[in-house]
Amino acid sequence: MIGRARPRVTACDVGYELMDLAETGGECYRADSMEAFFDAHAGAHIDFVEQDLFAAFEESAKAGRTVAGYVSLRFTRRSSALLAMQRWDVTCSVEVALLKGIEGNAEVLNTLELAALQRGGTIHWGQRNGTDAAAVAASYPELERWRKRLTEIIGDGRPGTFDNDFCSARGLEPQP
């Protein structure tokens, strides 16, 4: 049905642009966000919110900057996917979405991403994600299995199959 209403095209872009059936060109996304995932039984999500999130907001306020957006906590089960952010039996995700265009947003979100990683959290693949290969390796114990499975899938596949700057920077591709 969708295929009849929308012409078939080949495209390369970020996920939300490809899946935006209304073709808004990204105009409906007026937030800059990050999401971190924690083992809910260990309690790091509570420390993250109480000690890191609130502190980042307070530091921004002391600098005379507004923080406008929302914070959401969700609890999910473990996923069996090798690179799932939901790595624990009970996973708590903490999403922080700030209105785009407000001075200081990048600093707040970068601070929170670093704090989440220091507390053993994983960072959402599809939101703000500045992790490097070392952080990904520390966050994903199944990374080597992922690389082996990817090698099985692509074999000596076409150059560029599953190959992009994002994956390369995070060490997600098979290692030589």
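User: What makes Lys62 count as exposed?

Analyst: Lys62 has a relative accessibility of 67%. Exposed means over 50% relative accessible area, buried means under 20%, and partly exposed lies in between (1.4 Å probe, protein chains only). The value of 67% is over 50%, so Lys62 is exposed. Before we go on: this is a predicted model, where local features need pLDDT of at least 70 and side-chain atom pairs count only at pLDDT 80 or more, while totals for chains, interfaces and linings use all residues. Residues are numbered from 1 along each chain as its sequence is written, and side-chain values use heavy atoms, with hydrogens and water left out.

User: Why is the pair of Lys62 and Glu59 called a salt bridge?

Analyst: A salt bridge needs a side-chain nitrogen of Lys or Arg within 4 Å of a carboxyl oxygen of Asp or Glu. The closest N and O atoms of Lys62 and Glu59 are 3.6 Å apart, so the pair qualifies. Both residues lie in helix α3, 3 residues apart, about one turn of the helix. Helices here are DSSP runs (H or I, at least four residues), as are strands (E, at least two), numbered from the N terminus. Glu59 comes out at 48%, so it is partly exposed.

User: Which other salt bridge has a partner in helix α3, and how do you know that it links distant parts of the chain?

Analyst: That is Arg119 with Asp52, at 2.4 Å from N to O. Arg119 sits in the loop between α4 and β4 and Asp52 in helix α3, 67 residues apart. Asp52 is buried because its relative accessible area is 15%, whereas Arg119, at 26%, is partly exposed. The whole structure has 9 salt bridges.

User: What makes Phe38 and Phe48 an aromatic pair, and why is the pair called tilted?

Analyst: Rings of Phe, Tyr and Trp (its six-membered ring) pair if their centres lie within 6.5 Å; planes under 30 degrees apart are stacked, over 60 edge-to-face, and the rest tilted. There are 3 aromatic pairs by this rule. In this one the centres are 5.1 Å apart and the planes stand at 40°, so the pair is tilted. It connects strand β1, which holds Phe38, with helix α3, which holds Phe48, across 10 residues. Both rings are buried, Phe38 at 1% and Phe48 at 0%.

User: Why is the pair of Trp125 and Phe166 called edge-to-face?

Analyst: Their centres are 6.2 Å apart and their planes are at 75°, so edge-to-face is the right word. Trp125, Tyr140 and Phe166 form one aromatic cluster. Phe166 is partly exposed, because its relative accessible area is 30%.

User: How do you know that Arg170 lies over the face of Phe166?

Analyst: A charge sits over a ring if NZ of Lys or CZ of Arg is within 6 Å of the ring centre and within 35 degrees of the ring normal. Arg170 lies over the face of Phe166 at 3.7 Å from the ring centre, so the distance is within the 6 Å limit.

User: Which members of the largest nonpolar core touch the most other members?

Analyst: Of its 19 residues, they are Met34, Phe38, Phe48, Val96 and Leu112. Such a core is a set of buried Ala, Val, Leu, Ile, Met, Phe, Trp, Tyr and Cys residues joined through side-chain atoms within 4.5 Å. At least two residues come from each of β1, α3, β3 and α4.
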